[in-house]
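Visitor: Hi! I'm new here and would like a tour. Could you show me what we're looking at?

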Amino acid sequence: MASNTYDAIVVGSGISGGWAAKELTEKGLKVLMLERGQNIEHVKDYINAHKESWDYPHRGLATQDMKETYPALSRDYPLNEMTLGMWANEQESPYIEKERFDWYRAYQMGGRSLLWGRQSYRLNPEDFMANGKEGIAVDWPIRYEDLSPWYDYVEKYAGISGTREGLSVLPDGHFMPPIPLNAVEKDVAARVKKAFGGSRHFIHSRSANITQGINDIRVGCQFRNKCWLGCPFGGYFSTQSSTLPAAMATGNLTVRPFSIVKEIKYDKDKKRATGVEIIDAETNETYEFNSKIVFVNASAFNSAWLLMNSATDVWEGGLGSSSGELGHNVMDHHFRVGASASVEGYEDSYYFGRRPAGFYVPRFRNWDGDKRDYVRGFGYQGSASRAGWRKDIAELGLGSNLKDAISEPGDWTIGMTAFGEMLPHHDNRIFLDKNKKDKWGLPVLTMDVKIRENEYKMRKDMQKDAVEMFEAAGLKNVQGYDVDYAPGMGIHEMGTARMGRDPKSSVLNKHNQVWDAPNVFVTDGAAMTSASCVNPSLTYMAMTARAADFAVDELKKGNL
Amino acid sequence: MNRRDLLKFITAATGVAFVGGKALAYENLPVVPLSDTGFSKEDVAFFNELGEVIIPRTDTPGAKDADVGSCMAVLVADCYHPTMQKTFKEGLVTLKKRAEKEYGKDFLLLSAEQKMELLSALDEEAKAYNAKKGIYGDVAMSNPNAGAPWDEELVAPHYFSLIKQLVLFSFFTSQVGATKVLRYVAIPTKYEDIPYKKGDRAWAT
């Protein structure tokens, strides 16, 4: 085997790329994993992991200079001194916003698996059927039953903390003990149950923070709530803590950082990919690597970008564009709407430790006979806590009174934010801008995505229902809010190379194969046919493991 | 893994993390020298004096113990929007003049009671001023990095609100403030309900 030839190439090293590498190498394939950014070695390169606020020159805050360098990132919380450098450089890798789009990219080994929210839920059976029933976009080519065994498989390996609830809207999985609710949350859960007769549920979040040690790398969550700094305890699922060590252990994995895949090489006679061409991000040299199969896991937008730049001599719009759907049907989860309230009493109760997750309220709208003037639904994520030193103390003036008052915990408050399903809409799309180029001379993406009527109607309920639940639970000073949402802020980009049943209306088939190149598999958010309202990463994991299993079978049968 | 093994692991992990060498992804920013802030040692001493009135040493350390002044200089230089920088700097001049006018002395030479009297008056004026400007919420409790370079219509609060904001943020994010005045446990290892009795300190984060 020549040094540039492998059985499989995996493009990207994030959540789904890591899974592809693990599964394919464990099945005996020689795999090359390509990462466009720098390497990050587990523990060693988590240089801020043990820093405290006082160890940072600006105590962790974003400076004006950082905002100048990262104008898009500066619009929300991810820009700060602690994770600076973990997000893609906007000067080197620009994009165009026809409509505002906040694109949070992590160009580095592990991708956003180091920077994710870790909330891990299964889609439910209805999620896979809703498009078909409602005549929206296209029907998923798979059903819950197709993915269910693979959810089992990835949950057992990834380690998800949570509780089994027996709810049809949020299928149970394999869980480690949950991250505890605190005294207030437990009582609010009971009051919600009483007030809504069991039609609404206030449960433990399900999170890829492990509450039991797994091995010497994955010691378990230490309740520091510093996940985004990289966890030296392997306390949550990331490529570095979980899939990469397994893939490396096989001896079958080669990892090449600083490798920007510019196109998938395509043999139009055989209708197969033959490998990829890359640019070395440091030297600007180009290289070719060959393989029997290619897994595209570059994150939803960059996976679509790669297809758009491949086989352009056959299809002007690139590999997968024959459907007319490549780059279309962009989805995210719309949020930043919900309610907060004060909780009276519980002055004799406090908590120890810092949780990386709180409570969850599964979808209840358009479910179980409920019918709204919009389709689909939303879930809530939230937590209760006591105010820290930042409390409204305007009346306390200055000096020792002020110091004493703000050194003690304040009253309990509770808040929750809704995450709503966004419908796939053909006009929500990304496309190449041939004029503007990035640092490496590659075309950049233009974003043209909006939320529409269904989402706007849903947002009213997302606020109103949160207020209603808190009021029904007897909480005080209940305040609804909607602080506006711009697409991308959910950091859940999906749909740009959707799965379907027909090559005329979808980019991928039911096994995540590109219809026009069956040895190319896309198993990240790009593949999603609809969004559900639950956090999507667990589904990418399951989908990737399923596709890898199928790919190796097909290889053995000589079908690829 | 038992607790002892965990402690060993923590020690090892901590060592490795600090020995890291070349900063790869997360940027390891250097400490900002005072000469880069445009403020002098005298300015820092003055900030510490202001800070000590707002957060005095009691049975626990105060603003001077935490050297809030050095932190304030860096925050104003690097994190403050130009509009806030201007308001803050002009405010310092105004404050010093007011001390001279009302007490016939440099602020630093005022008695503790006089300092408290002056700053308390400013605190009241700041509240009224902010309300008139339509600035709601407690500015003093917000992060000292509002606005981005391209924001041209940022409305600055009263300068004393900025002073108070810088002192509180610098103090409670300092090691002294977080660990000696508030409570902080670096590696809690668990999350659980605990009883609370009046007087127990809040967690730093």
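Visitor: How many bridges join β10 to β20 in chain A, and do they run parallel or antiparallel?

Guide: Three bridges join β10(A) to strand β20 of chain A, residues 517-522, and the two run parallel. One pair to look for is A:V294, whose bridge partner in β20(A) is A:V520. Please keep in mind that this is a predicted model.

Visitor: Thanks! What about β1 and β10 of chain A, in which sense do they pair?

Guide: Strand β1 of chain A, residues 5-11, pairs with strand β10 of chain A, residues 286-296, in the parallel sense, over six bridges. If you find A:T5, its bridge partner in β10(A) is A:N290.

Visitor: And β9 with β10, parallel or antiparallel?

Guide: Antiparallel, over five bridges; β9 of chain A covers residues 272-280. Look for A:V276 there, as its partner in β10(A) is A:F289.

Visitor: How many residues sit between those two strands?

Guide: There are five residues between β9(A) and β10(A), and the two strands form a hairpin. In the turn, A:N284 has a positive phi of about 65 degrees.

Visitor: Which other residues have a positive phi without being glycine?

Guide: Two to look at are A:N329, with a phi near 60 degrees, and A:D368, with a positive phi of about 60 degrees. A:N329 lies in the loop between α7 and β11 of chain A, while A:D368 is in the loop between β13 and β14 of chain A.

Visitor: Is A:N329 buried or exposed? And A:D368, buried or exposed?

Guide: A:N329 has 28 other C-beta atoms within 10 Å, so it is buried. A:D368 has 10 C-beta neighbours inside 10 Å, so it counts as exposed.

Visitor: You mentioned α7 of chain A. How many of its residues are buried?

Guide: Nine of its nine residues are buried, so to speak of α7(A) as mostly covered is fair. Among them are A:F301, A:W305 and A:M308.

Visitor: What do they pack against?

Guide: The buried residues of α7(A) pack against β1, β8, β10, β16, β17 and β20 of chain A. You have already met β10 and β20, which are joined by three bridges.

Visitor: Changing topic to helices: at what angle do α4 and α10 of chain A pack?

Guide: At about 110 degrees, with their axes 8 Å apart. Helix α4 of chain A spans residues 144-158, and helix α10 of chain A spans residues 537-557. The two are therefore roughly perpendicular to each other.

Visitor: Which residues make the contact?

Guide: From α4(A), they include A:L147, A:W150 and A:Y151, and from α10(A), they include A:L538, A:M541 and A:R546. By class, this contact has 11 nonpolar residues, no polar ones and one charged residue.

Visitor: Now chain B. What's its secondary structure?

Guide: Chain B comes to seven helices and one strand. Along the sequence the pattern reads α-α-α-α-α-α-α-β. Of the 205 residues in chain B, 35% are buried.

Visitor: Which residues of α2 in chain B are buried?

Guide: Buried residues of α2(B) include B:F46, B:F47, B:L50 and B:I54. What covers the buried residues of α2(B) includes α3, α5 and α6 of chain B. The helix α2(B) has 14 residues and reaches 20 Å from its first C-alpha to its last, close to the 20 Å expected at 1.5 Å a residue.

Visitor: How many residues does each chain put into the contact between A and B?

Guide: The contact takes 62 residues from chain B and 62 residues from chain A. On the side of chain B that touches chain A, α1(B) gives the most, with seven residues. By class, that side of chain B has 40 nonpolar, 13 polar and nine charged residues.

Visitor: Last one: which strand of chain A is joined to β1 of chain B?

Guide: That's strand β12 of chain A, residues 349-352. Four bridges join β12(A) to β1(B), and they run antiparallel. To find the spot, look for A:Y350, whose bridge partner in β1(B) is B:I194.

Notes
Residues numbered from 1 in each chain as written. Chains lettered and ligands numbered in written order. Predicted model: local features only at pLDDT ≥ 70, side-chain atom pairs only at ≥ 80, totals over all residues. Axes fitted to C-alpha atoms, helices over the stretch in contact; angles between N-to-C directions. Parallel < 35°, antiparallel > 145°, perpendicular 65-115°, else oblique. Contact = placed C-beta atoms within 7 Å. Nonpolar A, V, L, I, M, F, W, Y, C, P; charged D, E, K, R; others polar. Pairing = 2+ DSSP bridges. Expected span 1.5 Å × (residues − 1). Buried ≥ 20, exposed ≤ 12 C-beta atoms within 10 Å, placed from the backbone.
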